[in-house]
Each structure stands twice: as C-alpha cells, then as structure tokens.
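Please read the sequence and the structure below side by side. The paragraphs that follow lead from charged side chains to aromatic rings, then to the nonpolar core and the cysteines.

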Amino acid sequence: MPISAPELSRRLLWAALVAPLAAVLYQFPIHALYTKAVPATAAMDAGAELELEYDMPGVLRVHKSGRVERFDGVETVPPSPSGDPANGVASKDVVLDPAANISARLYLPSAVAAAEPGKKFPVVIFFHGGAFFVHTAASPLYHRYCASLAAAVPAVVVSVDYRLAPEHPLPAAYDDAFAALKAVVSACRPNGAEPWLAAHGDASRVVLAGDSAGANMAHATAIRLGKERIDGYGDKVSGVALLNPYFWGKEPVGGEPTDAGYRGGFERAWEVICSGKFGPDHPYINPAASPEEWRQLGSGRVLVTTAEHCWFVERARAYAEGIKACGWDGELQFHEAKGEAHVYFLPKYDSDTAVKELAMVADFVRRC
C-alpha cells in the first residue's frame, strides 16, 4: 500500500526522535540504526505498524499480540574455560541460584591465580547495559569488557544475566540483581557452591558495577542493600561503579533538551521498560526524587563516569552533586570523558581514552 506524504513525514519525524533514543540506550552510533536492515514488510506496511505496541528502530519491536522481535544485542560469544592467552583470563557460564534461575558469566584472572594459589581477589558484580531490553552477559561487547576488567584489576568478575523487558518489566531486573548479589556473597564462602568464587572471591571486597541501564541497576541494588541488608553479610558493599549511568526525570536538569517530543521518547521507553508501574520521577529512574532513600546507599565509595556527549551527561553530573547534598557520607569519584559519547569505551575499547578509563575503573576496584 502506498504511503501518503503526511504519513511519510510523520514516520520520518518519529525516526528522528526515536533513533537517537535507541542509539543512546542501546549504546551504538546513530548511523548504525539508520543502516541496520530490518524486515521490509514490517518497516513499510502501514497495517503492520498499527499492530505494534512499541518500536525502537533497529533494536526491538513489541507487537500488540505480545510478540517481541529483537534485532540487536542477540549475537553471543562462547566463554573460555581454559583461559584466553590474549589476557590470561578464564571464563565460564554458571547458574548462581538455581531456585531463582540466576545465571552469570564468571571471569577469573587464571594466570595470576595459578601463580599465586589461594590468592583472594576483589569481586566485581557487573550488570550489562542495553536499555533493559537487549544484550546478555555473552554479548561480544560485554565479554570483552569484563575480561579486560578482570585482567586489569585483577578481580573475579561476575557478569549477571537478568530478565529483560518488556517480557519481564521492572522490577524484575532489580530483583534478579539483588538475588545475584546474595548468591555471590554466599558462594564466596570457603564451602561455597561455585568453585572459582569459593577459592578466589573475597566477599569483603565486593563492587557493584554496570554501564548505562546496568549502572542504574548497580545503584538500585546498593539502595536495596542499604535498606534490607543481607544476613551474615551486612548492608554495604565495598564500592559502586556507575559507568555512564542511565537516569532521567520529568523536568530537564542542567543543559538537557527541553523539546517535549524528545523527552517524550525517553519517557515512552521507560513506560515500556516498567510497564507503566513507575513514573518518570520514580527513584528508580530519578534518584534525586528521594533524597532520604539515596542517603541510605549501601556503600561508602562511589565512582560515577560519563562522557561529554552522552545524552545522560547532565544526570551523571547531577548524581555526583546530589549524592553529597542528600547527606550520604562517603567517598565520591567523578570522571567525564571529553569529546566522547555514551559508553564509547565499549565500541572504542582500544582507544587511548578508553584504555585510560579502564585503568581508572580498575584502580577504583583495587582501592575498594
């Protein structure tokens, strides 16, 4: 069916608003979304479009029938149980909590562990980004990053798989994150169920970390720990590393765009992520909305990184300022990469700026 001129204009305007959103949340250059091949019938058939509940171009489509199509974040790479000669890090996929169905990919600096048997390492519990919609712990971007971080610290890195929206709207991912923290702490005991963590994980040096939506999860997990504590462990982890965190809010902060259409795109994404359960100023997405809760963050050390051209840069700056203003009594480290975009360190992992930022994150973990 031919598309009318008004309809074509509407679609182009929608693409102009949503493609940047998709690029931001999914962490890829905008041009990739415009050139990504998608099924032509779904892209051009106006009737099919009417059957869509939500469309993030080049990333996923949610049909009114409940069917979800993912176009990105589906590629995976296998672990290296015997170790990767390039970085001296072994990796394997494990089930951390069979009852809760929590799985993860573990990374062990095996070369260091072999040279120093019985050595305990800090444990980084890492939550991948992807707008709560896409990616897994086995995604190439995250496999590379977590292996690099494990080697740089050195540390045991636990890259958590969690339930994705929209099939599992928030707070499902938050619940999985907290369950993963409890499972890791338990596994680090001498008689723990997971051999790598039992032998080499130091439960007294646990760092929650993540990028973009994963950073949002790391924050939420630390907040929950501060309020609920874990029996036999306490109410604090050693550190929280928020890498280019995904936060938002109804009203603009700093130099954020004020355009209603632009902001509405972000709000619509959040609505789909949480199935409308939490508004754009809920503390899950806007920590500043609840200073009382914020000050209970379950850690005394926080690292916040962002990038000059990140869509969430103003939120990261506001987080760094707000966490002190809310009464939290801890050590804050803030870093902004000049001239870079949202989570640039994933696709540009071998750039000088990304290498330096990885070293900074590793140093933060070592000091925790």
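**Salt bridges, rings and core**

In this predicted model, the side chains of aspartate 363 and arginine 367 meet in a salt bridge, with 3.0 Å from N to O. Both residues lie in helix α13, where they stand four residues apart, about one turn of the helix. Aspartate 363 also meets the side chain of arginine 366 in a salt bridge, here at 3.9 Å from N to O, and because aspartate 363 and arginine 366 are three residues apart in helix α13 (residues 352-367), about one helical turn separates them. Aspartate 363 counts as partly exposed at 31% relative accessibility, arginine 366 counts as partly exposed at 38%, and arginine 367 is partly exposed with a relative accessible area of 36%. These three residues belong to a network of salt bridges that links Arg301, Glu331, Asp363, Arg366 and Arg367.

Across the whole structure, a search finds 23 salt bridges. One of them joins the side chains of arginine 105 and aspartate 93, at 2.6 Å from N to O. Arginine 105 lies in strand β5 (residues 102-108) and aspartate 93 in strand β4 (residues 90-97), so this pair ties together parts of the chain that are twelve residues apart in sequence. How do the two partners compare in accessibility, buried or partly exposed? Arginine 105 counts as buried, at 2% relative accessibility, whereas aspartate 93 counts as partly exposed, at 46%.

Aromatic rings offer another set of contacts, and the count of aromatic pairs comes to 17. Phenylalanine 126 and tyrosine 142 form a tilted pair, with 6.1 Å from centre to centre and 45° between the planes. This pair links distant parts of the chain, since phenylalanine 126 lies in strand β6 (residues 121-127) and tyrosine 142 in helix α6 (residues 140-152), 16 residues apart. Phenylalanine 126 and tyrosine 142 are both buried. Tyrosine 344 and phenylalanine 345 form an edge-to-face pair, at 5.6 Å from centre to centre and with 80° between the planes, and both of these residues are buried as well.

Charged groups also meet rings. The charged end of arginine 144 sits over the ring of tyrosine 349, 3.9 Å from its centre, while arginine 315 lies over the face of tryptophan 248, at 5.5 Å from the ring centre. Tryptophan 248 is in turn a member of one aromatic cluster, formed by Phe132, Tyr174, Tyr246, Trp248, Tyr262, Phe266, Trp270, Phe278, Tyr284 and Phe312.

Two members of that cluster, Phe132 and Trp270, lead into the nonpolar interior. The largest nonpolar core has 114 residues, and those with the most contacts inside it are Leu96, Phe132, Phe133, Leu181, Leu197 and Trp270. Helix α7 (residues 172-187) contributes the largest share of this core, eleven residues. What surrounds tryptophan 270, leaving aside its neighbours within four places in sequence? Tryptophan 270 is in contact with Phe132, Leu170, Tyr174, Tyr246, Phe278, Gly279, Pro280, Tyr284 and Ile285.

The cysteines close this walk through the structure. A disulfide is a covalent bond between the sulfur atoms of two cysteines, and a search of the whole structure finds zero disulfides. Cysteine 188 counts as buried because its relative accessibility is 5%, under the 20% cut-off, and cysteine 326 is likewise buried, with a relative accessible area of 7%.

Notes
Residues numbered from 1 in each chain as written. Predicted model: local features only at pLDDT ≥ 70, side-chain atom pairs only at ≥ 80, totals over all residues. Heavy atoms only, no water. Core = buried A, V, L, I, M, F, W, Y, C linked by side-chain atoms within 4.5 Å. Buried < 20%, exposed > 50% of the residue type's maximum accessible area, 1.4 Å probe, protein only. Helix = DSSP H or I, 4+ residues; strand = E, 2+ residues; numbered from the N terminus. Contact = heavy atoms within 4.5 Å. Disulfide = S-S within 2.5 Å. Salt bridge = Lys/Arg side-chain N within 4 Å of Asp/Glu carboxyl O. Phe/Tyr/Trp six-rings, centres within 6.5 Å; stacked < 30°, edge-to-face > 60°. Lys NZ or Arg CZ within 6 Å of the ring centre and 35° of its normal.
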